[in-house]
Amino acid sequence: MATQEQRTSIVWDYAPAPESPEHVRLRDSYGLFIDGDFVDPVDGARVPSTNPATEETVAEVTFAGPGDIRRAVQAARRAQPGWTALSGLERGKYLFRVARLIQERARELAVVESMDGGKPIRESRDVDVPLAAAHFFHYAGWADKLSYGMGGRAVEPLGVAAQIVPWNFPLLMAAWKLAPALACGNAAVLKPAETTPVTALLLAEILQEAELPPGVVSVIPGDGAAGAALVREPDIDKVAFTGSTAVGKNIQSALAGRRIPLTLELGGKSANIVFEDAALDQAVEGIVNGIFFNQGHVCCAGSRLLIQESVADTVVEKLWARMARLRLGDPLDKNTDVGAINSREQLERIEGLVASGEEEGAVRRTVVCELPSRGYWFAPTLFTDVAPAHRIAAEEIFGPVVSVLTFRTQAEAIEKANSTPYGLAAGIWTDKGSKAFEVASALQAGVIWQNTYNKFDPSAAFGGYKESGFGREGGMSGLRPYLRVSAAAPDPGSAL
Ligand code: NDP
């Protein structure tokens with residue numbers, strides 16, 4: 001009979017559960033999607049898009065040059081009047097079709113998203129792809145109710161929208177941008193991020209299959225220079241950007257004086273606040289989800305963890321024990337919690353900021369785990385003894401790194417949470433509803449979650465305060481940045 005020691009020494013581990021990429025049918029090489037077709041570049045270049053977990057090529061893509069960008073904008077300009085002239089009901093039908101096609105190709109899209117960007121398949125399968133479809137469904141429903149959404153006022157589209165998306169949620173961000181723009185009757189030119197263009201190109205295939213009129217959407221992968229050229233194109237009517245605050249400011253200055261409406265969804269250093277009366281185990285799950293979801297490559301990541309002093313040691317120990325159980329590795333394995341860092345550049349940025357945390361005197365704990373020999377990886381990391389002035393407390397790390405600060409009173413929690421140039425999101429963990437409302441109303445953050453974190457819904461508005469940007473995406477508020485709304489109030493007698 002086994003002794004107690006023998007029994008407890010059994011190590012239960014997970015068998016590998018990789019999602020097969022066999023069903024994925026990628027082309028070897030993708031052209032630019034302009035005017036309804038995949039075309040060769042005029043002055044762009046072919047480049048490989050690599051898998052950050054293996055450093056192998058996922059597919060060859062084309063980066064747009066200035067001539068290609070101009071071509072895409074001109075195609076959008078030609079297509080827009082016809083698209084605007086369709087009834088909202090007709091435009092909605094196209095969007096419904098796109099949503100259903102995303103659902104049909106969901107498995108393939110999820111696998112490719114994980115291959116091209118490094119995120120765990122569980123997340124791309126359960127979050128990115130379903131939410132991308134949900135955004136098209138949501139805005140399909142709005143397409144024939146635009147005036148109703150604007151209080152009965154007359155509305156018209158802005159024209160041609162230039163849209164630039166980052167690498168952390170490539171397909172989902174494309175859906176966030178395209179769905180409302182199209183529902184409102186605009187044409188769009190979308191520039192995916194340099195490291196993650198492939199699912200946007202699969203989305204272009206879906207738009208083709210949905211028979212979206214040529215030119216209404218063009219997808220032109222490219223680097224930062226392509227983004228910079230796109231926003232400087234003379235014939236655009238709207239810019240929507242998600243990415244870093246530095247680039248957001250650059251775009252803002254490029255548009256100065258041009259009267260082009262701009263939506264910026266930028267970085268964050270969001271506070272996740274745990275009060276002593278919170279359900280602590282539940283809070284720990286929320287902290288983990290808040291910072292390790294998508295390797296922390298999340299603009300609203302709960303990267304500043306504020307814990308009430310009386311429970312700080314308990315929460316940190318519970319969190320550390322939970323972190324030790326996170327599984328890092330193959331993004332295509334369904335058991336993986338933490339996938340690959342999106343690029344070598346991003347890994348170096350994370351390493352640099354983590355080194356600064358140690359140099360400035362914070363105490364670092366990093367989970368010990370075997371890192372794959374190829375690819376870009378960073379193990380989950382926790383910093384304690386963090387001072388508000390430390391770089392790791394002030395700057396966006398955009399990696400699986402959480403900085404813990406403490407507070408004694410509610411007022412101090414609010415002051416510390418707001419003491420940042422950013423203002424994208426926040427989390428509040430407390431059992432007291434009144435406290436949650438009081439704190440939420442004092443926080444300068446666009447999205448505030450109570451007793452949960454990183455929950456997204458197409459009907460909810462998302463956007464920032466201060467240097468986290470302006471304008472809202474999602475829900476009814478997400479229509480406004482794509483419409484010109486008449487100043488005249490509706491005739492009270494008229495039907496909406
Ligand atoms: P960027 O802001 O540089 O990238 C976002 C998008 O903008 C990409 O498509 C990028 O192209 C494009 N771009 C780059 N330069 C310009 C420009 N001058 N004009 C117009 N478009 C441009 O983010 P990074 O990838 O460089 O990441 C840097 C940091 O930014 C991260 O460490 C993170 O802190 C933060 N970030 C925040 C995001 C958020 O959602 N809030 C998302 C991504 C990053 P390309 O991919 O070729 O560079």
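This report describes the pockets, one helix and the aromatic contacts of a predicted model.

**Pockets**

The two largest pockets are set out below.

| Pocket | Volume | Lining residues | Nearest the centre | Lining by class |
|---|---|---|---|---|
| Largest | About 1200 Å³ | 49 residues | Trp167, Ala193, Ser244, Val247 and Arg349 | 22 nonpolar, 17 polar and 10 charged residues |
| Second largest | About 430 Å³ | 18 residues | Arg122, Glu123, Val127, Asn289 and Phe293 | nine nonpolar, two polar and seven charged residues |

Trp167, Ala193, Ser244, Val247 and Arg349 are the lining residues nearest the centre of the largest pocket. Two or more residues of this lining come from each of the strands β3 (45–50), β4 (57–63) and β9 (238–242), and from each of the helices α9 (224–231), α10 (245–255) and α13 (344–359). Because domain 1 (32–266 + 468–486) and domain 2 (271–457) both give residues to the lining, the largest pocket lies between them.

For the second largest pocket, the elements that give two or more lining residues are α5 (121–142) and α11 (280–292). Helix α5 provides the largest share, seven residues. Domain 1 and domain 2 each supply at least three residues to this lining.

**Helix α8**

Helix α8 comprises 12 residues, 198–209. At 1.5 Å a residue it should span 16 Å, and the distance of 17 Å between its end C-alpha atoms agrees with this. Of these 12 residues, 10 are buried, so the helix is largely enclosed by the rest of the structure. The buried residues are Val198, Thr199, Ala200, Leu201, Leu202, Leu203, Ala204, Glu205, Ile206 and Leu207; a charged side chain, that of Glu205, is thus listed among them. Just after α8, Glu211 adopts a positive phi of about 60 degrees.

**Aromatic contacts**

Across the whole structure, 11 aromatic pairs are found. One of them joins Tyr30 and Phe38, with 6.2 Å from centre to centre and 65 degrees between the planes. Since an angle over 60 degrees counts as edge-to-face, this pair is assigned to that class. Both Tyr30 and Phe38 are buried.

A further pair is formed by Phe456 and Phe462, whose ring centres are 6.0 Å apart. Their planes meet at 55 degrees, so the pair is tilted. Phe462 has a relative accessible area of 4% and is therefore buried, the cut-off being under 20%. Phe456 and Phe462 also belong to one aromatic cluster together with Trp176, Trp449 and Tyr453.

Technical notes
Residues are numbered from 1 along each chain as its sequence is written. This is a predicted model: local features need pLDDT of at least 70, side-chain atom pairs count only at pLDDT 80 or more; totals for chains, interfaces and linings use all residues. Side-chain values use heavy atoms; hydrogens and water are left out. Helices (H or I, at least four residues) and strands (E, at least two) are DSSP runs, numbered from the N terminus. The expected span of a helix is 1.5 Å times one less than its number of residues. Buried means under 20% relative accessible area, exposed over 50%, partly exposed in between (1.4 Å probe, protein chains only). On a 1 Å grid over the protein atoms alone, a cavity is a set of points where a 1.4 Å probe fits but cannot get out, and a pocket is an open set with protein on both sides within 12 Å along at least five of seven lines; lining residues have an atom within 4 Å of a point. Grid points are joined across faces, edges and corners, and a volume is the space filled by probe spheres set on the points. Domain bounds come from an automatic or database domain assignment. Rings of Phe, Tyr and Trp (its six-membered ring) pair if their centres lie within 6.5 Å; planes under 30 degrees apart count as stacked, over 60 as edge-to-face and the rest as tilted.
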